[in-house]
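This briefing sets out selected features of the structure shown below. The points are grouped by topic for reference alongside the coordinates.

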Amino acid sequence: MRAFQLVGWRQSPELREVPVPEPGPGQVLVKVAGAGACHSDLHIMQAPAPLPGFTDPPFTLGHENAGWVERLGPGVTGFEPGGPVIVYGSWGCGICANCRQGRENYCQNLGGQGPGLGGGHDGGMAEYLLVPAARYLVRLGTLDPRQAAPLSDAGLTSYHAVKRSLHLLGPGSTAVVIGAGGLGQMTIQILRALSAATTVVAVDTDAGKLETATRMRDHACPAGKDQGAGGVLPPATRRRGLPAPA
């Protein structure tokens, strides 16, 4: 199979031919439908020296993954070949106190390192991904795995941010999303889903991103040194993402 691998520190990644992994006991082989490119991947590619906790290259990049179950290792239940799944990206040891509470992103032994993020696990920028345990798989139902892959990281990051403040939101509240790029747009959608009565204001320096935010039926405000307490756009211009009047 082909895999996009980091072959050495301070070297450009390469598309290489590698063997298709065979799932062992408790493991699942996933046929990759989509693998998101995260800014962390860029950091790894540009790292000037070995990163703490990372195995030495070569290894396959990609920690935002979704696809279809290809093969089940011995003892795996609850999934069937061909089923669409998304892959949770923080893989812990499974036995420390945090992992036993379902908080594998705070693993005390491996630091929650998952596919393509060190710890000896190849990522999903390949035709197939070997997942070490079925607990890292979530059924996608009717969602297309080719589009769902970024939800495993970009979606979770935004969801985590909203959940921390959800108790403060509700009718009459306002949530300000600073930055209306990929994560910001995810955040806006999650706010709409979890607290529909909240007024959402998106702030960005990019007029195109503000226009996208307004298409999500939210207010938009251009960032800048003059956008203080008096810089919030009036209702007539908020929806269109236009500059505030002088």
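**Aromatic contacts and further local features**

Both W91 and Y136 are buried. The model is a predicted one, and the buried pair W91 and Y136 is taken up under the aromatic contacts below.

**Aromatic and charge–ring contacts**

- The structure contains 2 aromatic pairs.
- In the pair formed by W91 and Y136, the ring centres are 5.4 Å apart and the planes meet at 20°, so the pair is stacked; the cut-off for stacking is planes under 30 degrees apart.
- W91 belongs to the loop between β6 and α2 (97–100), and Y136 to the loop between β7 (128–131) and β8 (137–139), so the pair ties together parts that are 45 residues apart in sequence.
- A charge is also placed over a ring: the charged end of R139 sits over the ring of F79, at 5.1 Å from the ring centre.

**Second largest pocket**

- The space in the second largest pocket amounts to about 260 Å³.
- Its lining consists of 14 residues, and those that lie nearest the centre of the pocket are I86, L151, S152, G155 and L156.
- By class, the lining residues of this pocket are 11 nonpolar, 2 polar and 1 charged.
- At least two lining residues come from each of β6 (84–87), α4 (154–165) and α5 (182–194).
- Helix α4 provides the largest share of the lining, with 3 residues.

**Open three-stranded sheet**

- One open sheet has 3 strands in the order β2-β1-β4, and their pairing is antiparallel.
- Its edge strands, each of which pairs on one side only, are β2 (14–17) and β4 (59–60).
- Strand β1 (residues 2–6) is joined to β2 by 4 bridges, and the two run antiparallel.
- Within this pairing, Q5 has E14 in β2 as its bridge partner.

**Strands β9 and β10**

- In a regular strand, side chains alternate between the two faces of the sheet.
- Strand β9 (residues 174–178) shows alternation: A175 and V177 point to one face and are buried, whereas T174, V176 and I178 point to the other face and are not buried.
- The pairing of β9 with strand β10 (residues 199–204) is parallel and extends over 5 bridges.
- Across this pairing, V176 is positioned opposite V201 of β10.

**Backbone geometry**

- Most residues other than glycine have a negative phi, and most peptide bonds are trans.
- R10, which is not a glycine, has a positive phi of about 65°.
- This residue, R10, is located in the loop between β1 and β2.
- The relative accessible area of R10 is 65%, so R10 is classed as exposed; the cut-off for this class is over 50%.
- The peptide bond from P57 to P58 is cis, and its omega is near 10°.
- P58 lies in the loop between α1 (39–46) and β4.

**A buried loop glycine**

- G73 is part of the loop between β5 (64–72) and β6.
- The relative accessibility of G73 is 4%, so G73 counts as buried; the cut-off for buried is under 20%.
- The C-alpha atoms of G73 and P25 are 4.9 Å apart in space, although these residues are 48 residues apart in sequence.

How values were computed
Residues are numbered from 1 along each chain as its sequence is written. This is a predicted model: local features need pLDDT of at least 70, side-chain atom pairs count only at pLDDT 80 or more; totals for chains, interfaces and linings use all residues. Side-chain values use heavy atoms; hydrogens and water are left out. On a 1 Å grid over the protein atoms alone, a cavity is a set of points where a 1.4 Å probe fits but cannot get out, and a pocket is an open set with protein on both sides within 12 Å along at least five of seven lines; lining residues have an atom within 4 Å of a point. Grid points are joined across faces, edges and corners, and a volume is the space filled by probe spheres set on the points. Ala, Val, Leu, Ile, Met, Phe, Trp, Tyr, Cys and Pro count as nonpolar, Asp, Glu, Lys and Arg as charged, and the others, Gly among them, as polar. Two strands pair if DSSP finds at least two bridges between them. Rings of Phe, Tyr and Trp (its six-membered ring) pair if their centres lie within 6.5 Å; planes under 30 degrees apart count as stacked, over 60 as edge-to-face and the rest as tilted. Buried means under 20% relative accessible area, exposed over 50%, partly exposed in between (1.4 Å probe, protein chains only). A charge sits over a ring if NZ of Lys or CZ of Arg is within 6 Å of the ring centre and within 35 degrees of the ring normal.
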